[in-house]
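Welcome! Here is a guided walk through a protein model, meant for someone meeting it for the first time. Have a look at the picture, and then read on.

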Amino acid sequence: MTDYTLVRSRRRTLSMELKRDGTVVVHAPLRLGVEKIDAFVAAHEAWLARARTRQAERLAAHPEPTEAEREALLARARSELPQRVAHWSCRDLPKCMRSG
């Protein structure tokens with residue numbers, strides 16, 4: 001059976017989440033027994049296998065950027081985003097359109 005992290009809360013339903021790093025998180029109601037949670041995870045093993053396969057395919061098609069690429073993207077965002085935000089955040093749209 002798959003190892004998972006259990007998060008209990010005041011909810012009524014069970015849910016399962018596959019994180020980017022491949023870990024599984026199960027969200028469960030406070031009073032639900034561990035046997036039922038284990039049965040839920042076991043019943044969804046096929047879904048987990050498919051989700052892990054899709055996740056691996058997605059990662060292969062779109063790898064994480066290198067540190068140099070990440071820094072370049074951040075620099076580009078710092079230079080371009082303030083102007084775009086300033087342009088689109090004008091409250092009086094007709095006045096903004098006349099001044100720009």
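## A hairpin to start from

Let us begin at a turn: in the hairpin formed by β2 and β3, 5 residues sit between the strands, and Gly 22 among the hairpin's residues has a positive phi near 95 degrees. Please keep in mind that this is a predicted model. The two strands of the hairpin, β2 and β3 (residues 24–29), pair in the antiparallel sense over 4 bridges. Within this pairing, Met 16 stands opposite Val 26 in β3.

Now look at the side chains along β2, which alternate. Met 16 and Leu 18 point to one face and are buried, while Ser 15 and Glu 17 point to the other and are not.

## The sheet

How are the strands ordered in the sheet? This open sheet of 3 strands runs in the order β1-β3-β2, and its pairing is mixed. β1 (5–9) and β2 (15–18) are the edge strands with a single partner each, so one side of each has no neighbour in the sheet. On average, neighbouring strands here are turned by 20 degrees against each other, with direction ignored.

The two pairings can be set side by side:

| Strands | Sense | Bridges |
|---|---|---|
| β2 and β3 | antiparallel | 4 bridges |
| β1 and β3 | parallel | 5 bridges |

In the parallel pairing, Arg 8 has Ala 28 of β3 as its bridge partner. What about the surroundings of β3? Of its 6 residues, 5 are buried, so β3 is largely enclosed by the rest of the structure.

## A helix on the sheet, and the core

Helix α2 (residues 45–61) packs on the sheet, where it touches β2 and β3; the direction of α2 makes about 25 degrees with that of β2.

One residue to visit in helix α2 is Gln 55. Is Gln 55 buried or exposed? Its relative accessibility is 18%, and because the cut-off for buried is under 20%, Gln 55 counts as buried. Leaving out residues up to four places away in sequence, Gln 55 touches Leu 18, Lys 19, Arg 20 and Gly 22. Gly 22 is the residue with the positive phi in the hairpin.

Which residues make up the largest nonpolar core? There are 10 of them: Met 16, Leu 18, Val 24, Val 26, Ala 28, Ile 37, Phe 40, Val 41, Leu 48 and Ala 51. At least two residues of this core come from each of β2, β3, α1 (34–43) and α2. Take Val 41 as an example: apart from its neighbours within four places in sequence, Val 41 is in contact with Met 1, Thr 2, Tyr 4, Met 16 and Val 26.

## Out along another helix

Further along the chain, Leu 81 is found in helix α3 (residues 67–88). With a relative accessibility of 47%, Leu 81 counts as partly exposed. Leu 81 and Arg 70 are 11 residues apart in sequence, and their C-alpha atoms are 16 Å apart in space.

## The whole protein

Finally, step back for the overall view. The protein has 4 helices and 3 strands, and along the sequence they follow the pattern β-β-β-α-α-α-α. Its radius of gyration is 23 Å, well over the 13 Å that the globule rule gives for 100 residues, so the protein is more spread out than a compact globule. Along the principal axes, the C-alpha atoms fill a box of roughly 65 × 35 × 20 Å.

How many of the residues are buried? Buried residues make up 15% of the 100 in the protein. The accessible surface comes to about 8,300 Å², and carbon and sulfur atoms account for 56% of that surface. Among contacts with a separation of 6 or more, 40% join residues 24 or more positions apart.

Conventions: Residues are numbered from 1 along each chain as its sequence is written. This is a predicted model: local features need pLDDT of at least 70, side-chain atom pairs count only at pLDDT 80 or more; totals for chains, interfaces and linings use all residues. Side-chain values use heavy atoms; hydrogens and water are left out. Two strands pair if DSSP finds at least two bridges between them. Axes are lines fitted to C-alpha atoms, for helices over the stretch in contact, and angles run from 0 to 180 degrees between N-to-C directions. Contact means heavy atoms within 4.5 Å. The radius of gyration is taken over C-alpha atoms; the globule rule is 2.2 Å times the number of residues to the power 0.38. Buried means under 20% relative accessible area, exposed over 50%, partly exposed in between (1.4 Å probe, protein chains only). Accessible areas come from the Shrake-Rupley method with a 1.4 Å probe; for residues, only the protein chains shown count as cover. A nonpolar core is a set of buried Ala, Val, Leu, Ile, Met, Phe, Trp, Tyr and Cys residues joined through side-chain atoms within 4.5 Å.
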